[in-house]
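Grab the model in your viewer and work through these exercises one at a time. Try each task yourself before reading its solution.

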Amino acid sequence: MHFYGTQSVNGKGHLTIGGVDTVDLAQIYGTPLIVYDIALFRERARAFKETFKSAGVQAQVAYASKAFSSIAIYEVAQQEGLSLDVVSGGELYTAVAAGFPRERIHFHGNNKSFMELQYAFDEKIGCIVIDNFSEIALVKEIAESRKENMNVLIRVTPGVHASTHDFITTGQEDSKFGFDLKNGQADEAFRQLHDHPYIQLLGMHCHIGSQIFETDAFRLAAEALLDKMESWRDEYGFVCTVLNLGGGFGIRYTEEDRPLHPSAYVDEMAKVVLSMTRSANYPMPEIWIEPGRSLIGDAGTTLYTTGSMKEVPNIRTYVAVDGGMTDNIRPALYGAKYTAVTANRVNDAHEDKVTIAGKCCESGDKLIEEAYLASPSEGDILAVFCTGAYNYSMASNYNRLPKPAVVFCENGEHRLAVRRETYEDLIRLDLSLQAVERGAVN
Ligand code: PLP
């Protein structure tokens, strides 16, 4: 059994997170419940920042908040001196509601709307990461009509294929994101942006994919971007001050995953950039990164209550829980694998091989195909590990299941970070035809 961060087992044989008994949490807040180990999130943030500091490299570590976006986590990110990567007007709105320092907000996305870009200007955010030619035109139009400045990065695809799931690779040529580095698109984007009166081009960005366990792909990407930076300097006399190498550092979902320590990725990046810039006599740029999963993935655990069980003789036993693909779509979407423990009897032998199924009306709604539990019975509390990234943020109301609550645990204390949805919440946007006919609704 592998525990993460502050997870432990107390005298009752219950799993604890941040010093808090998870069985108590299930009773207080109900299940499904997503529990965050906030000390682990802080530890990871500090490790990234510290590694840059020891390498003597100016850096920004931006939390890729698509992994989990909420006011409370943005508050913790701010406390830790992180920057923030947002990818929509909605994430930006959440950051604004959290009072996040605007100058440390970076705005991503492959199809930002005119309204979203105007919102970014209204809030005077730190940087827009420009993804395509339509966006260049929109940003120019807004900057010129308002006569307002905006920092930008050009997002490029460096043609590096990181070995991970196809749906989460983004650095290869055939990607919906960014300008191709090799076929002239990135150069054209540069020409359209570099000497604009209101647009400050800071440099380049790439994100080569997610759940990557090796440093080679990051080295190759950094080399490709640095080559291009040198060519722009040589041809146009332009010097990039920022090199953003994205996120994507892998974490341990199951024992098959062998992630490196966060410092290993950052060390390699710093080494490559320092040595290449030195030998090209290029001023050392700031390095920005934007980890999501490696900051928050293993800090999250989902608690479920077990319900019905079904044995299919000689095939498998299904143990159903009170959540499923609505709070964790990743197994159905990517074939993602997880591990679980019987949180109310952690010390018992986990020898019963079962399939943990969700409660949605889809045969594919299985959270773990092969889980080993302690002789499962109805009413157990199951803890599924490593559900902190791309779980709540991808949650849906399929089958009209209310979204779970989210709780932060730290130093023996727990506090609600996102309240559980109610049935009233589920119908708050619905309009009754009768009410519309009566003119009671606009
Ligand atoms: N940056 C960009 C542009 C991304 O698209 C993503 C993930 O999709 C991330 C950062 C974060 O990736 P990860 O959570 O794997 O670190």
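**Exercise 1.** In β13, which residue is the bridge partner of V242?

Solution. Keep in mind that this is a predicted model.
- Start with the strands: β12 covers residues 242-244 and pairs with β13 in the parallel sense, over three bridges.
- Now pick out the bridge itself: V242 is matched with E286 in β13.

**Exercise 2.** Which strand pairs with β5 (residues 59-64), and in what sense, parallel or antiparallel?

Solution.
- The partner is β13, residues 286-289.
- The two run in the parallel sense, and three bridges link them.
- For a concrete pair, go to Q60, whose bridge partner in β13 is W288.
- Put this next to Exercise 1: β13 pairs with β5 and also with β12.

**Exercise 3.** In what order do the three strands of the open sheet β1, β2 and β3 stand, and why is one side of β1 and of β3 left without a neighbour?

Solution.
- The order is β1-β2-β3, with antiparallel pairing.
- β1 (8-9) and β3 (20-21) are the edge strands, and each has a single partner, so one side of each has no neighbour in the sheet.
- Zoom in on the β1 and β2 pair: β2 spans residues 15-17, and two bridges hold the antiparallel match.
- One of those pairs V9 with L15 in β2.
- As background, strands of a sheet pair through backbone hydrogen bonds, in either a parallel or an antiparallel way.

**Exercise 4.** Which residues are closest to the ligand, and which side chains have an N or O atom at 3.2 Å, 2.6 Å or 2.9 Å from a ligand atom?

Solution.
- Begin with the shell: 15 residues surround the ligand, and the closest are S210, G248, G292, R293 and Y390.
- By class, the shell holds three nonpolar, seven polar and five charged residues.
- Next, the ligand's oxygen atoms: one is 2.6 Å from an N or O atom in the S210 side chain, and one is 3.2 Å from such an atom in the K66 side chain.
- A ligand nitrogen is 2.9 Å from an N or O atom in the side chain of E290.
- Finish with area: on its own the ligand exposes 400 Å², and the protein buries 91% of that.

**Exercise 5.** How many residues line the largest pocket, and which strand gives the largest share of the lining?

Solution.
- The space in this pocket comes to about 670 Å³.
- Its lining has 23 residues, with T254, Y338, T339, I368 and E370 nearest the centre.
- Strand β18 (residues 366-373) supplies the largest share, seven residues.
- Sorted by class, the lining has eleven nonpolar, five polar and seven charged residues.

**Exercise 6.** Where is the cis peptide bond that has an omega of about -5°, and which residue other than glycine has a phi near 65°?

Solution.
- Recall the usual picture: most peptide bonds are trans, and most residues other than glycine have a negative phi.
- The cis bond joins T31 and P32, and P32 sits in the loop between α1 (22-29) and β4 (33-37).
- The positive phi belongs to C386, found in the loop between β19 (381-385) and β20 (405-410).

Terms used
Residues are numbered from 1 along each chain as its sequence is written. This is a predicted model: local features need pLDDT of at least 70, side-chain atom pairs count only at pLDDT 80 or more; totals for chains, interfaces and linings use all residues. Side-chain values use heavy atoms; hydrogens and water are left out. Two strands pair if DSSP finds at least two bridges between them. Helices (H or I, at least four residues) and strands (E, at least two) are DSSP runs, numbered from the N terminus. A residue is near a molecule or strand if one of its heavy atoms lies within 4 Å of it. A polar contact is a pair of N or O atoms within 3.5 Å; within protein, one must be able to donate a hydrogen and the other to accept it, and residues adjacent in sequence count only if both atoms are side-chain atoms. Accessible areas come from the Shrake-Rupley method with a 1.4 Å probe; for residues, only the protein chains shown count as cover. Ala, Val, Leu, Ile, Met, Phe, Trp, Tyr, Cys and Pro count as nonpolar, Asp, Glu, Lys and Arg as charged, and the others, Gly among them, as polar. On a 1 Å grid over the protein atoms alone, a cavity is a set of points where a 1.4 Å probe fits but cannot get out, and a pocket is an open set with protein on both sides within 12 Å along at least five of seven lines; lining residues have an atom within 4 Å of a point. Grid points are joined across faces, edges and corners, and a volume is the space filled by probe spheres set on the points.
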